[in-house]
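Student: I would like to learn how to read aromatic pairs and helices in a model. Please take me through an example.

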Amino acid sequence: MPLTEYIVLFALVAILGAGLPGPGDASLIAAGTLAGEGRLNVGIVLAVSMAAWMLGSVAGYEIGVRKGRWLLDHPGRLEKSRLKLLAKGDRAFGRHTFAASVTMPAFVSGIFRVRFRVFVLGALVAGVGWIGMYVGLSYFLGAEVAYRIGNAGTRVLLGVLVIVAIGLGIRTAYSRWRAPRDNGQPGAHTPGSAASRPDETASCSEP
């Protein structure tokens with residue numbers, strides 16, 4: 001078993017889950033590609049990635065609660081970018097806390113003191129989305145496609161999730177609408193009923 005590859009994958013995805021810079025995206029794409037070639041087990045890749053993502057997310061959240069705001073608003077290198085991220089968090093968490101916990105780095109959720117259970121649910125949704133997208137696309141379509149779609153950013157991911165959710169909702173509603181008719185509820189015309197043989201009914205009523 002290629003244990004080393006799984007350990008490296010775990011470490012890099014944990015860093016990604018915490019919201020810290022690193023090659024986490026690339027490691028997911030590489031793992032998905034290797035799984036598609038049969039060199040890694042895709043089930044183990046997904047399990048290791050999700051465990052690492054959630055562990056890293058919780059660690060990032062704790063960093064944000066304890067030292068996150070200082071890490072962003074202190075003077076020094078990349079100060080403008082850090083302040084821009086902090087301002088973006090002010091806007092995002094002021095309106096849609098759950099959506100922000102899905103799309104923003106984990107340590108930013110900690111900075112804005114998102115309720116832990118809301119944060120965990122948001123981290124879980126984000127992990128399923130990102131890991132499923134990167135590993136799934138690279139597994140079935142190759143690394144190049146996964147890189148291109150991943151570079152499009154969070155909006156594409158959310159758009160895909162919304163489209164899937166709408167499709168599942170429409171399918172469920174249609175199934176529920178069809179069920180009474182398929183089960184022969186009152187008002188439904190079943191084969192062989194009088195309503196389905198108007199000519200025969202009319203002829204029986206004649207003197």
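Tutor: The turns below cover the ring pairs and then one helix.

Tutor: The model is predicted, so local features need pLDDT of at least 70 and side-chain atom pairs count only at pLDDT 80 or more, while totals for chains, interfaces and linings use all residues. Residues are numbered from 1 along each chain as its sequence is written, and side-chain values use heavy atoms, without hydrogens and water.

Student: How many aromatic pairs are there?

Tutor: Rings of Phe, Tyr and Trp (its six-membered ring) pair if their centres lie within 6.5 Å; planes under 30 degrees apart are stacked, over 60 edge-to-face, and the rest tilted. By this rule the count is 5. One of them, Phe116 and Phe119, is tilted, with 6.3 Å centre to centre and 40° between the planes.

Student: Why do residues three or four places apart point the same way?

Tutor: An α-helix has 3.6 residues a turn, so such residues point the same way. Helices are DSSP runs (H or I, at least four residues), numbered from the N terminus. Phe116 and Phe119 are 3 residues apart in helix H7 (residues 116-141), about one helical turn. Trp130 and Tyr134 form a stacked pair, at 5.7 Å centre to centre and 20° between the planes; they are 4 residues apart in H7.

Student: Is Phe119 buried or exposed?

Tutor: Buried means under 20% relative accessible area, exposed over 50%, and partly exposed in between (1.4 Å probe, protein chains only). Phe119 is buried at 1%, whereas Phe116 is partly exposed at 40%. Trp130 and Tyr134 are both buried.

Student: Which residues of H2 are buried?

Tutor: Gly24, Ser27, Leu28, Ile29, Ala31, Gly32 and Ala35. Just after H2, Gly38 has a positive phi of about 85°.

Terms used:
Helices (H or I, at least four residues) and strands (E, at least two) are DSSP runs, numbered from the N terminus.
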